[in-house]
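Hello,

Here is the structure you are taking over. Please open it first, then read the notes below.

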Amino acid sequence: YVRFHLISPLIQQSAENIVLFDTFVNILSHNLGEPAYEADVAQLEYKLVAGEYGLIIRVKGFNHKLPLLFQLIIDYLSDFSFTPAVFEMITEQLKKTYYNILIKPETLAKDVRLLILEHGRWSMIDKYQTLMKGLSIDALSAFVTTFKSQLFVEGLVQGNFTS
């Protein structure tokens, strides 16, 4: 089991940054779909999660091939690229996801409660409005470059691994 948390102070600076971060993680997951398929067949599991303060990478499975899968994810992260068509597809999916959260009373109530309790939290309404105003491809590229330059990493490795 390998878990790394790539923490960046950039994410919580604005609602736009949070939306750009969600877009980035979804595009990264989309890009990994085909190359990581063989790992999935070999019973290796991975998950990319857009956490509140950064990207969480979780990988688990048989230890002799786990570093290869982790390296694949890191390679795609470091050489991040996307097409305008993928960008449009992911932003449309995010619009639907944010809207679905807003129309459910229990998730909206949870969001409002957390907004009251947590300092510096951006509401789902702020995120949805930011996404509806539109994001640019250049803004995403600039965000990803800045995100990768301001990272703090925490990691946990469990299992049959040497240091």
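Four helices each supply at least two residues of the lining of the largest pocket: helix 1, helix 4 (84-103), helix 5 (105-117) and helix 6 (124-133). Keep in mind that this is a predicted model. Which helix gives the most to that lining? Helix 1 does, with five residues. In total, 21 residues line the pocket. Asp-22, Ala-50, Arg-121, Met-124 and Lys-127 lie nearest its centre. The volume of this pocket is about 520 Å³. As background, a probe the size of a water molecule, rolled over the atoms, shows where empty space is left.

**Helix 1**

Helix 1 covers residues 15-32. At 1.5 Å a residue, its 18 residues should span 26 Å. The C-alpha atoms at its ends are 26 Å apart, so the expected span and the model agree. Is helix 1 mostly covered or mostly open? Mostly covered: 14 of the 18 residues are buried.

Asn-31 belongs to this helix. Setting aside neighbours within four places in sequence, Asn-31 is in contact with Tyr-76, Phe-80 and Ser-81. Take Phe-80: 49 residues separate it from Asn-31 in sequence, yet the two C-alpha atoms are 8.9 Å apart in space.

Ser-81 is worth a look from its own side. It sits in the loop between helix 3 and helix 4. Its relative accessible area is 47%, so Ser-81 is partly exposed. Not counting residues up to four places away in sequence, Ser-81 touches Ile-27 and Asn-31. Val-153 is another matter. Ser-81 and Val-153 are 72 residues apart in sequence and 22 Å apart in space, C-alpha to C-alpha.

**The sheet**

Now the strands. In what order do the four strands of the open sheet run? The order is 2-3-1-4, and the pairing is antiparallel. Strand 2 (45-50) and strand 4 (152-157) stand at the edges. Each has a single partner strand, so one side of each is left without a neighbour in the sheet. On average, neighbouring strands of this sheet are turned by 10° against each other, direction ignored.

Strand 3 (residues 54-60) pairs with strand 1 (residues 2-7) through six bridges, and the two run antiparallel. Within this pair, His-5 has Ile-56 as its bridge partner. Ile-7 stands opposite Gly-54.

Strand 2 is also joined to strand 3 by six bridges, again antiparallel. The two strands form a hairpin, with three residues between them. Here Val-49 has Ile-56 as its bridge partner, and Leu-48 stands opposite Ile-57. Ile-56 thus turns up twice, as partner of His-5 and as partner of Val-49.

How many of the seven residues of strand 3 are buried? Five are, so strand 3 is largely enclosed by the rest of the structure. Helix 3 (residues 66-78) lies across strand 1, strand 2 and strand 3. It runs at about 155° to strand 3. One general point helps when you view a sheet: in a regular strand, the side chains alternate between its two faces.

**Two loop residues**

Ser-8 and Gln-43 both lie in loops. Ser-8 is placed between strand 1 and helix 1. Is Ser-8 buried or exposed? Its relative accessible area is 4%, so Ser-8 is buried, the cut-off being under 20%. Leaving aside neighbours within four places in sequence, its contacts are Tyr-53, Phe-147, Gln-150 and Leu-151.

Gln-43 lies in the loop between helix 2 (37-41) and strand 2. Its relative accessibility is 57%, so Gln-43 counts as exposed, which requires over 50%. Its phi is near 65°, a positive value in a residue other than glycine. For context, most residues other than glycine have a negative phi.

If you want a route through the model, begin with the lining of the largest pocket, including Asp-22 and Arg-121. Go on to helix 1, which gives the most to that lining. Then turn to strand 3, which has bridges to strand 1 and to strand 2. Finish with the loops that hold Ser-8 and Gln-43.

Best wishes

Conventions:
Residues numbered from 1 in each chain as written. Predicted model: local features only at pLDDT ≥ 70, side-chain atom pairs only at ≥ 80, totals over all residues. Heavy atoms only, no water. Pairing = 2+ DSSP bridges. Axes fitted to C-alpha atoms, helices over the stretch in contact; angles between N-to-C directions. Contact = heavy atoms within 4.5 Å. Expected span 1.5 Å × (residues − 1). Buried < 20%, exposed > 50% of the residue type's maximum accessible area, 1.4 Å probe, protein only. 1 Å grid on protein atoms, 1.4 Å probe; cavity = no way out; pocket = protein on both sides within 12 Å on 5 of 7 lines; lining within 4 Å. Points joined across faces, edges and corners; volume = space filled by probe spheres on them.
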